[in-house]
Amino acid sequence: MTREKPLVLIADDEPMVADTLVQIFNEEGFDAVSVSDGDAAVLWARNSRPEVVILDVMMPKLNGVEAAKQIATILPQVHIILFSGQAAAGELVDKTRAEGQQFTILAKPVKPEMLLQLIARMTSR
Amino acid sequence: VPFTGTSGRRIYEYIFVPVVGPNGEVEAVAGTTRDVTERTQSEEALRESEERFRVFVSTTSEVIYRMSPDWTEMRQLRGKDFIADTEDPSRGWLNKYIYPEDQANVMAAIHEAIRTKSMFRLEHRVLRVDGTLGWTLSRAIPILNSEGDIVEWFGAAADVTERKRAHEALRGSELALRRQSEQLAAALAASDTGTFRWNPETDEFHELDENLKRLFGRDPAAEFKTMVDIIKLAHPDDVPALLAAIDAGRSGADFSLEFRVVLDDGSVRWLYGRAKMEWENGRPSCMVGACTDITRRKLAEDAAIRSEKLAAVGRLSATMAHEINNPLAAVTNLLYLSNRDTALSPQTRSFLQMAGKELDRVALVARQTLGFSRENTAPTLFNISEVMDELISVYSYRLCHRNVEIDKDFGDCAAQVFGVLGEFRQVFSNLLVNAIDAVADKSGRIRVRVRASRELSNSRRAGVRITVADNGCGIPGSVKVKIFEPFFTTKQEHGTGLGLWLTRSILHKYGASIRVRSRVGPGPSGTVFSVFWPEINVDQVQRQEIA
């Protein structure tokens, strides 16, 4: 399946963060959608097969790290970025690193310029 | 026949024998005479001796005995039911009377007495009538003839069994007592306990041991006269409680109090004092008590409370971080979107840029203070000067507010080191905060210097030396030795006592080293912390991280 624009899935329980990111990505040449919990993120990823998934770590139902692990199993080629406003998030990611999975984690607030650069690097590889 | 001549009174024995002629008539009388003075005298002596012996036996309770001049033969012994009698001369007295283990001693004393013709005197064990062992004090004097030769030994032996037992028992209990008091002293020293006795009427210490003086931070020669000498060493906050407890003790209550003393180096020691008042004729006469160092226990309790607090603070800051960082993220995105508007006036655009810059500052402070120091737990290569610059900017408000001048001297050092950024920040924010606190009371200067360098103890190791120097109050030598200990703080309730300890443990992990030089007033004072951060083998750190 080839798409005109790369699909970006954003999961954050903070609507203001999710919505502004959707708008930024849409304006920067992506096709972006947002969900507000981990379960929804896995469901959307399975159905819409995005190129990039951006997940908040602390989310209701399924947390971002668990969601990332499931999505990585369904879509081995997907680029996953985690971000969080909390220090404890680092520990969760440490755990997944010990389990052999490597995710990129960023601290909120993330500058959109930086996020775009990172995704450009990831998708160009 | 006694005869008195020129040589004194002598006794002669005359023997006359009739000489009968062949016819049966006495022709003559043949006579011999010999001097029997000696023989008669010694016979008399013996008789006298026996007489004396009988007198003694009847008048004394002691065992009385007579021995031959060389002690081989016992001539007589009256045992007074203490030991068996010897009526007729006997050569087997040694085994009969003397306890085998003491025989050698007895013989040695006898030989010495014979040699010197002086009194035999010895305390030894004897076999008693009933076959048990007894103790005797035996004395014997030599009876000399006119030539000065020993003709006999005359002895008396007292039964000292009871006295000896009492003495032994006393010695035993003395020994036990001494042992007990030694054990007590060892226990007191080992448990950091000191003791005292105090007279409440005169307010004088009758006794105050070295342990207690040490606990109060004084040397053994220090004088403690009255309770005031104790009270003035107590922590000011604990003086009222101390006075109240002493007062209660005066009226009969047991004294029991945990209180602090302030040592010369400003550190605080916790003591637990217990004392009991002794009463005489209805009046308090003496307070006897002890104090124990409970600083460790107190610190452990404090540490537990602090770690509770830290955990609470941690939970709070995690919540705070979430609550602050999410709106920051939203605002950051909103500013980005606003900036995309091509219709913006140049002024609005510059306002938005300023807003962005200020937002960056807020984000940085939030990150620093609310603990997203784990943003990157993997070690990375970073530029020391840049990180130090960023760190100083975090404290710029505090520096400015306290009127502290900061002098950044990074030379042209663009050295990259390898490590976890958060840990590096932790190390130097501790040193910076300490420096700021040290210069707080005067217009201070802090100098931060970064230079490519080599390790002092091993010049083959290359790395970076980071120096944080202040012109603050300095650290006295007695404090300097403790600054890297956990829970040691001079900042009272403001400090956790963990900063420098943590600093050093982080540095250890990187094979980095820290040195401190300090000088206290009068005159110029200040402190210099110097950290050497080595260039490091990347693989080595990663292995350590995994471990």
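Which residue of S20(B) does B:Arg465 stand opposite? In this predicted model, the partner of B:Arg465 is B:Phe532. The two strands concerned, S18(B) and S20(B), pair in the antiparallel sense, with 8 bridges between them. This pairing is a convenient way into chain B, and the description below starts from the sheet around it.

The sheet is an open one of 5 strands, arranged in the order S15-S17-S18-S20-S19 in chain B, with mixed pairing. At its edges stand strand S15 (405–409) and S19 of chain B; each has a single partner strand, so one side of each is left without a neighbour in the sheet. From one strand to the next, the twist averages 15°. Helices accompany this sheet. H10(B) lies across S15, S17 and S18 of chain B and runs at about 165° to S17(B). H12(B) lies across S15, S17, S18, S19 and S20 of chain B, with a direction about 25° from that of S18(B).

Several of these elements also meet in the largest nonpolar core, a group of 44 residues in which B:Phe428, B:Ile446 and B:Trp533 have the most contacts. At least two residues of this core come from each of helix H10 (384–394), helix H12 (421–438), strand S17 (445–454), strand S18 (462–470), helix H14 (499–509), strand S19 (513–519) and strand S20 (526–534) of chain B. The greatest contribution is that of H12(B), with 8 residues. As a general background, nonpolar side chains in soluble globular proteins tend to be buried together. Beyond its close sequence neighbours, up to four places away, B:Ile446 touches a set of residues that includes B:Leu399, B:Val404, B:Ile406, B:Leu432, B:Ile436 and B:Val468. Another core lies apart from this one and has 28 residues, among them B:Phe216, B:Leu257, B:Leu263 and B:Met287.

Two individual residues help to fill in the picture. B:Val433 belongs to helix H12 of chain B. Its relative accessible area is 18%, below the 20% cut-off, so B:Val433 counts as buried. Leaving out residues up to four places away in sequence, B:Val433 touches B:Tyr395, B:Arg398 and B:Lys491. B:Gly499 is 66 residues from B:Val433 along the chain, and their C-alpha atoms are separated by 9.6 Å. B:Thr467, in turn, is found in strand S18 of chain B. B:Thr467 is also buried, at 14% relative accessibility. Apart from neighbours within four places in sequence, B:Thr467 is in contact with B:Arg447, B:Val448 and B:Arg449, and with B:Val528, B:Phe529 and B:Ser530.

Chain B holds a further open sheet of 5 strands, in the order S10-S9-S13-S12-S11, with antiparallel pairing. Its edge strands are strand S10 (204–208) and strand S11 (255–262) of chain B, each pairing on one side only. Here the twist averages 25° from one strand to the next. Strand S9 (residues 193–199) of chain B runs antiparallel to S10(B) and is joined to that strand by 4 bridges; B:Arg197 stands opposite B:Glu207 in S10(B). Helix H7 (residues 239–250) of chain B packs on this sheet, where its contacts are with S9, S11, strand S12 (268–280) and strand S13 (283–293) of chain B.

Chain A offers a helix pair. Helix H2 (residues 38–48) and helix H3 (residues 64–74) of chain A pack with their axes 9 Å apart, at an angle of about 10°, which makes H2(A) roughly parallel to H3(A). The contact brings A:Gly38, A:Ala41, A:Val42, A:Ala45 and A:Arg46 of H2(A) to A:Ala67, A:Gln70, A:Ile71 and A:Ile74 of H3(A). By class, it has 6 nonpolar, 2 polar and 1 charged residues.

Terms used: Residues are numbered from 1 along each chain as its sequence is written. Chains are lettered from A and ligands numbered from 1 in the order in which they are written. This is a predicted model: local features need pLDDT of at least 70, side-chain atom pairs count only at pLDDT 80 or more; totals for chains, interfaces and linings use all residues. Side-chain values use heavy atoms; hydrogens and water are left out. A nonpolar core is a set of buried Ala, Val, Leu, Ile, Met, Phe, Trp, Tyr and Cys residues joined through side-chain atoms within 4.5 Å. Buried means under 20% relative accessible area, exposed over 50%, partly exposed in between (1.4 Å probe, protein chains only). Contact means heavy atoms within 4.5 Å. Axes are lines fitted to C-alpha atoms, for helices over the stretch in contact, and angles run from 0 to 180 degrees between N-to-C directions. Angles under 35 degrees count as roughly parallel, over 145 as roughly antiparallel, 65 to 115 as roughly perpendicular and the rest as oblique. Ala, Val, Leu, Ile, Met, Phe, Trp, Tyr, Cys and Pro count as nonpolar, Asp, Glu, Lys and Arg as charged, and the others, Gly among them, as polar. Two strands pair if DSSP finds at least two bridges between them.
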